Amino acid sequence: MCKASHEPGGPQRCSGDTRAALERSLGAVAQLECRQAALTRAVGLSGALGGVQYGPALSLRQQYLIDAEALSPREAAARFARSVLAPGRAIIVDTETVSMGGPICEIAVVDAHTGRPLLDTLVNPRCAITPAAQAVHGITEHEVSAPQVPTWVQVYEQFAQVAQGRVVLAYNADYDRQVVADDCRRYSLDAAGSASDAGWWADVMAPRSDFMGAKRWLRNGGGHRALGDVVQTRGHLLAMAAGSSA
């Protein structure tokens with residue numbers, strides 16, 4: 001779905017100073033990590049405390065702020081990209097939705113290191129696609145209601161499998177993570193762990209904007225179909241890792 005403020009229906013939260021927004025979002029992360037450290041010292045455990053899992057995206061965000069302060073936002077973004085492109089480290093996901101924040105009607109996932117597609121499918125949302133959303137991604141109700149198109153119940157099982165144990169990257173990760181979590185609630189699915197927990201998701205939009213020296217979020221430019229968008233997101237990461245402004 002559209003995720004830039006200049007596009008029809010784009011969320012206002014996609015504009016503004018990228019550094020300030022990143023630091024605000026990481027305030028809660030810092031508090032969570034302080035609590036994790038205190039609990040770890042108290043009980044002598046790491047990774048899982050009282051059944052709560054702390055995903056690797058938390059440490060990625062923390063390291064990003066450290067690098068941005070010690071080096072520069074551009075170098076922090078480059079280091080972030082190199083980290084998440086490591087073999088077996090991350091996947092990249094994109095969703096298209098029936099409305100801004102509405103149910104998912106398409107999802108795609110690729111392996112961040114290899115670019116290999118892991119999931120690429122339409123999803124039957126069992127509800128109407130708004131004209132505004134269709135104008136953005138071009139997906140029709142006729143397409144998603146075809147007999148062979150799976151519902152989110154079926155698709156989520158596949159997504160959870162490919163996401164297991166991986167950092168989940170997305171361009172404007174808050175949006176995609178939220179619609180995944182919302183669809184899981186719609187179908188009473190257990191969405192614990194890397195598939196929807198914020199501790200496992202990491203954003204690419206803010207680092208890319210920092211890398212390019214932009215004062216506002218930069219659009220992805222993938223064409224608003226799920227697979228095209230994840231391929232484009234990976235392209236941004238590759239350019240960042242190489243130190244290129246392409």
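In this predicted model, Asp-67, Glu-75, Arg-79 and Arg-82 are joined in a network of salt bridges. Glu-75 takes part in two of the contacts described here. Its side chain meets that of Arg-79 in a salt bridge with an N to O distance of 3.4 Å, and the side chains of Glu-75 and Arg-82 likewise form a salt bridge, again at 3.4 Å, N to O. The first of these pairs can be placed within a single helix: Arg-79 and Glu-75 are four residues apart in helix H3, which spans residues 73-84, so about one helical turn separates them.

The accessibility of these residues adds to the picture. Glu-75 is partly exposed, with a relative accessible area of 27%. Arg-79 is partly exposed as well, at 41%, and Arg-82 falls into that class with a relative accessibility of 40%. The charged groups of Glu-75, Arg-79 and Arg-82 therefore belong to residues that are neither buried, which would require under 20% relative accessible area, nor exposed, which would require over 50%.

The count of salt bridges in the model comes to seven. Another of them lies in helix H7, residues 173-186, where Arg-185 and Asp-182 are three residues apart, about one turn of the helix. The closest N and O atoms of Arg-185 and Asp-182 are 2.2 Å apart. The two partners differ in their accessibility class: Arg-185 is exposed, with a relative accessible area of 53%, whereas Asp-182 counts as partly exposed at 25%.

Helix H3 also contributes to an aromatic contact. The structure holds two aromatic pairs. One of them is formed by Tyr-64 and Phe-80, whose rings are arranged edge-to-face, with 6.2 Å from centre to centre and 85° between the planes. Tyr-64 belongs to helix H2, residues 57-70, and Phe-80 to helix H3, so this pair ties together parts that are 16 residues apart in sequence. Both partners are buried: the relative accessible area is 4% for Tyr-64 and 7% for Phe-80.

The other pair consists of Trp-152 and Tyr-156, with a tilted geometry of 5.8 Å centre to centre and 45° between the planes. Trp-152 and Tyr-156 are four residues apart in helix H6, residues 152-163, so they are separated by about one helical turn. Trp-152 counts as buried at 0% relative accessibility, and Tyr-156 is buried with a relative accessible area of 7%.

An aromatic ring also meets a charged side chain in this model. Arg-74 lies over the face of Phe-211, at 3.9 Å from the ring centre.

The last stop is a loop position. Ala-198 is located in the loop between H7 and strand E7, the strand comprising residues 201-203. At 30% relative accessibility, Ala-198 counts as partly exposed. Leaving aside residues up to four places away in sequence, Ala-198 touches Ala-57, Arg-61 and Arg-177. A further spatial relation links Ala-198 with Gly-55: these residues are 143 apart in sequence, yet their C-alpha atoms are 7.8 Å apart in space.

Definitions and conventions: Residues numbered from 1 in each chain as written. Predicted model: local features only at pLDDT ≥ 70, side-chain atom pairs only at ≥ 80, totals over all residues. Heavy atoms only, no water. Salt bridge = Lys/Arg side-chain N within 4 Å of Asp/Glu carboxyl O. Helix = DSSP H or I, 4+ residues; strand = E, 2+ residues; numbered from the N terminus. Buried < 20%, exposed > 50% of the residue type's maximum accessible area, 1.4 Å probe, protein only. Contact = heavy atoms within 4.5 Å. Phe/Tyr/Trp six-rings, centres within 6.5 Å; stacked < 30°, edge-to-face > 60°. Lys NZ or Arg CZ within 6 Å of the ring centre and 35° of its normal.
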